[in-house]
Amino acid sequence: MRISFLRNAMRMVRKLFPAVLLMGFFWSLVSCKENCERKPCENGGTCIEGSCQCYFPWEGYRCRTHAASKFTGTWQGTSDCVSDTFRMKIEANGVELKLVDEPKHSFDLRATLTDNNTFEIPAQNRGTIVGRVTITGRGTYRGGLIYLDIRYDYDANFWDKECRHTLRR
């Protein structure tokens with residue numbers, strides 16, 4: 001009797017298993033669709049399976065956060081080129097960034113976001129007491145820090161150098 005009960009139970013499971021699988025599949029489709037209808041993505045983001053896929057420069061849960069916002073503010077910096085610490089203020093206007101050395105304001109650099117965690121510093125010429133310098137570089141946001149890799153090319157070949165600056169809040 002016990003064996004026949006187990007056989008019947010196994011037959012029932014084999015018959016019902018495909019139907020249960022199919023119901024689970026349809027339920028997941030309906031659930032994802034409902035999540036997308038209830039939480040619409042903003043700024044051109046697309047809802048896929050209940051999650052927003054954001055387009056540059058937007059990020060976050062519903063594509064509400066502009067990528068530049070993580071860069072803006074005042075940062076404390078160290079460098080492998082100089083022994084002193086420094087402060088840098090970063091301002092944003094859309095995907096354009098402005099980096100200002102504070103409090104000296106000895107330089108300000110323009111930069112452009114290239115993706116949500118990276119910006120490029122195009123070639124910019126500055127006059128200094130030892131001549132003209134061309135500054136280029138790139139910044140990367142990772143783990144709450146900004147890593148600035150900047151190249152300084154002096155016209156007089158006085159001090160051509162690549163420096164790594166690390167910024168933290």
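Which handedness does the link of C81 and C163 have, left or right? With -105° about the S-S bond, this link turns out left-handed. Keep in mind as you look around that the model is predicted.

Let's stay with that pair for a moment. The sulfur atoms of C81 and C163 sit 1.7 Å apart. C81 is in the loop between β5 (73-79) and β6, while C163 belongs to strand β12, so the disulfide ties together parts that are 82 residues apart in sequence. Both cysteines, C81 and C163, are buried.

In total you'll find four disulfides here. Another one joins C36 and C47, with 2.0 Å between the sulfur atoms, and it is left-handed too, at -80° about the S-S bond. C36 lies in helix α1 (residues 2-38) and C47 in strand β1 (residues 46-48), so this pair connects parts 11 residues apart in sequence. Then there's C41 with C52, whose sulfur atoms are 2.1 Å apart. A torsion of about -100° about the S-S bond makes this disulfide left-handed. Counting bonded cysteines along the chain, the pattern reads 1-3, 2-4, 5-6, 7-8.

Now for the empty space. The largest pocket holds about 640 Å³, and 25 residues line it, with V82, D101, S106, F107 and Y152 nearest its centre. Several strands supply at least two lining residues each, among them β6 (86-93), β9 (118-128) and β12 (161-168). As for the character of that lining, 13 residues are nonpolar, six are polar and six are charged.

Terms used: Residues are numbered from 1 along each chain as its sequence is written. This is a predicted model: local features need pLDDT of at least 70, side-chain atom pairs count only at pLDDT 80 or more; totals for chains, interfaces and linings use all residues. Side-chain values use heavy atoms; hydrogens and water are left out. On a 1 Å grid over the protein atoms alone, a cavity is a set of points where a 1.4 Å probe fits but cannot get out, and a pocket is an open set with protein on both sides within 12 Å along at least five of seven lines; lining residues have an atom within 4 Å of a point. Grid points are joined across faces, edges and corners, and a volume is the space filled by probe spheres set on the points. Helices (H or I, at least four residues) and strands (E, at least two) are DSSP runs, numbered from the N terminus. Ala, Val, Leu, Ile, Met, Phe, Trp, Tyr, Cys and Pro count as nonpolar, Asp, Glu, Lys and Arg as charged, and the others, Gly among them, as polar. A disulfide is a pair of cysteine sulfur atoms within 2.5 Å. Buried means under 20% relative accessible area, exposed over 50%, partly exposed in between (1.4 Å probe, protein chains only).
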